[in-house]
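Q: Please take a close look at the open sheet in chain A and what packs on it. Then add the other strand pairings and the helix pair of chain B.

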Amino acid sequence: MLKTLIAGASALALTLAVAGSASAADKPLYGALMKTLSNPFWGAMEKGVDAGAQKADVELFMEAVESDQATEPQLNACNTMLEKKPAVMITAAISSTNLLPCLKHANELKIPVVDLDGNLDPEITKKAGVDVAFHIGSDNQAAGAKAADYLISALGKDAKGSVLVIEGLSGNITGAKRANGFAEELKKAAPGFAIVASLPGDWDSLKAANITNDTLQRYPDLAAIFCANDDMALGAVEAARAAGKDKLIVIGVDGNVNAVKSINAGRLNASVAQLPYLVGMQAVENAKKVLAGEKVAEFTYVPTLVLTKATLDSKTDPLLQYVK
Amino acid sequence: MSAALSPPASPRSWRQRVFGAATFRFESLLVLATLTIVMTVLSPVFLSVSNFFNIVLSTSVFGVLAIGMTFVICSAGIDLSVGSIVGFSGVVGAMTAANLNLPWPVCIVATLAAGAFAGWVNGFIITKGMIQPFIVTLGMLGVARGTALVLSDGVSIYGLPPEVVYLGQGRPFGVPAPVIILLLTALVAHVLLVHTRFGVYAQVIGDNENAARAMGVRVERHKTLLYTLSGLLAGLAGLLFAARINSGEPTAGLSYELTAITATIIGGTNMNGGRGSIVGTIIGALIMGVLQNGLNLLAVRPFYQQIAIGAVLVGAVWFDRVNSKEGWRR
């Protein structure tokens with residue numbers, strides 16, 4: 001039995017050696033703790049951080065956890081990352097509280113903390129005594145408002161009609177901001193539209209499809225659906241088209257790969273692209289500035305871009321290069 | 001009830017005396033040692049006191065769950081609700097402090113009581129309704145998680161009393177408090193399982209429920225107690241979770257029941273009941289902690305971590321089958 005064990009162990013060692021062959025150059029080590037990689041948005045963010053690290057000529061140590069609900073595993077990964085004593089900790093916290101003990105420890109070790117994608121609530125970090133070097137991300141409220149503007153430009157300022165809003169995971173700040181931004185802008189700029197329902201789709205495309213079907217039962221003349229992310233928008237658009245509602249306008253947020261495909265195929269009408277690639281890249285650039293002692297704005301909002309078939313076809317917008 | 005079920009009076013080795021008749025799976029200790037050596041070779045940061053505490057700290061929440069799971073599984077039951085109870089009890093505790101402004105002892109008691117209550121409900125329905133534990137606790141998985149979300153409105157409740165936070169973040173004598181709590185819990189649970197009637201009966205029920213009944217064990221009452229204990233420990237895990245991040249999170253402990261079951265099985269507790277070991281469970285939990293920590297240090301993507309843990313789980317049980325004299329008989 002011992003023999004089998006040793007054989008198994010050496011096999012494991014070999015695998016790990018291959019997987020973990022990191023270059024030990026003299027470059028400064030930047031730690032980046034992501035949420036999850038099993039989602040196109042975070043995949044693009046990861047690529048942006050990677051590109052930023054290459055541009056800044058630093059060594060990158062990137063980690064993520066298995067899902068964007070794994071709050072405690074992320075805290076554990078954060079603590080583990082601190083063992084490597086990185087020069088800076090770029091963190092995309094799953095919730096506004098789950099990483100706080102680790103970030104406080106980073107403060108004690110004089111490692112600057114960066115809030116990637118604006119998941120930390122400044123009020124709570126202040127209360128917890130955690131010092132954040134800077135926050136960088138997308139303005140979710142503005143993204144929602146841009147979606148409303150798109151709807152108004154498509155149907156006209158004085159158009160009337162019922163609108164369905166599919167929110168994110170209930171209680172999630174990102175989804176709430178997007179839905180609020182949309183609702184407020186719509187109310188202000190085109191009061192003819194009425195939001196007939198605003199329901200949480202939990203970021204789940206199938207759930208969004210079901211909500212769409214149910215709502216269409218009650219409001220067959222629905223004019224538009226706004227979804228707080230692209231996954232849900234894709235579910236909604238498939239359900240709407242399957243129900244024969246070809247005129248129904250469906251708008252998502254994120255600008256992810258699948259949404260781009262759907263827009264190109266003439267199904268999804270628009271997606272407000274958040275440019276996570278740009279967010280990740282700028283986060284690393286700003287972190288380098290902080291380490292060099294330069295001043296960086298406390299909050300940086302990376303611009304958003306409304307993707308439609310027209311913008312994708314014209315290929316003129318310079319921001320399009322960051323749509324990954 | 002009679003004293004006929006006290007442990008056998010035949011002479012026992014020191015190992016049996018300390019660890020009980022059902023000792024832990026020795027191979028799991030070898031796996032743990034091998035992993036430790038491999039990780040030490042691969043990452044220079046791995047073998048340090050601070051990283052050691054770091055590993056045990058990561059293990060503490062699901063380790064406590066796995067201890068409760070050991071009792072339930074060795075009585076031939078299962079408790080799928082513990083992960084949800086972590087979220088539920090944490091939210092209840094955080095609400096007493098943050099929303100109701102009650103003092104810290106209330107927060108601790110409420111958290112533990114919430115867990116124990118959910119566990120008692122499990123046990124009550126399993127025995128009174130004569131429904132399989134799998135179904136009842138699967139139901140509780142939904143009910144407890146849903147209740148946590150309803151109570152908190154889906155938002156995490158931030159701000160626990162400092163005394164409670166100390167349980168998760170404090171470092172008496174330089175040792176993280178959850179590590180101490182995990183080890184103390186394990187010690188008490190080990191004595192309970194091996195050296196008291198409570199634990200021995202649990203194993204007897206798991207081995208043969210009818211025989212246990214014939215011997216005078218009050219099986220229903222005992223099972224209810226076992227599930228209440230599992231719930232209580234899930235409440236303790238919920239307390240640790242909330243204290244570690246200073247907030248009650250409704251989604252806390254999502255799918256931790258599977259992690260706890262995995263640690264228990266790797267540790268050698270028999271899925272069919274009749275045999276369980278707390279020492280083994282702690283080793284099983286540490287194997288998972290070392291794997292996660294080591295792979296994190298090596299920046300291996302989390303997807304591979306899940307493959308590694310799945311492989312270790314099945315590998316451990318396979319080893320047991322091959323090396324066990326009992327073979328396929330349980």
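A: Two strands pair if DSSP finds at least two bridges between them. Helices (H or I, at least four residues) and strands (E, at least two) are DSSP runs, numbered from the N terminus. This is a predicted model: local features need pLDDT of at least 70, side-chain atom pairs count only at pLDDT 80 or more, and totals for chains, interfaces and linings use all residues. Residues are numbered from 1 along each chain as its sequence is written, and chains are lettered from A and ligands numbered from 1 in the order in which they are written.

Start with the sheet. In chain A, 6 strands form an open sheet with mixed pairing, in the order S7-S6-S8-S9-S10-S12. Its edge strands are S7 (193–200) and S12 (305–308) of chain A, and each pairs on one side only. Neighbouring strands are turned by 20° against each other on average, direction ignored. Angles run from 0 to 180 degrees between N-to-C directions, and axes are lines fitted to C-alpha atoms, for helices over the stretch in contact.

Strand S10 (residues 270–273) of chain A runs antiparallel to S12(A), joined by 4 bridges. There, A:Ala270 stands opposite A:Thr308.

Two helices of chain A pack on this sheet. Helix H7 (residues 173–189) of chain A touches S6 (161–167), S7, S8 (224–227) and S9 (249–254), and its direction makes about 165° with that of S6(A). Helix H9 (residues 230–242) of chain A touches S6, S8, S9 and S10, and its direction makes about 165° with that of S9(A). Contact means C-beta atoms, placed from the backbone, within 7 Å.

Next, strand S3 (residues 88–91) of chain A. A:Val88 and A:Ile90 point one way, A:Met89 and A:Thr91 the other, and all are buried (20 or more other C-beta atoms within 10 Å of a residue's own, with C-beta atoms placed from the backbone; exposed is 12 or fewer, partly exposed in between). S3(A) pairs with strand S1 (residues 29–33) of chain A in the parallel sense, over 4 bridges. A:Met89 stands opposite A:Gly31. S3(A) also runs parallel to strand S4 (residues 113–116) of chain A, with 3 bridges. In S4(A), A:Val113 is the bridge partner of A:Met89.

Finally, chain B. The axes of helices H3 (residues 49–74) and H8 (residues 177–195) of chain B come within 8 Å and cross at roughly 30°. H3(B) and H8(B) are therefore roughly parallel (under 35 degrees; over 145 is roughly antiparallel, 65 to 115 roughly perpendicular, the rest oblique). Residues that meet include B:Phe53 and B:Val56 in H3(B), and B:Pro178 and B:Leu193 in H8(B).
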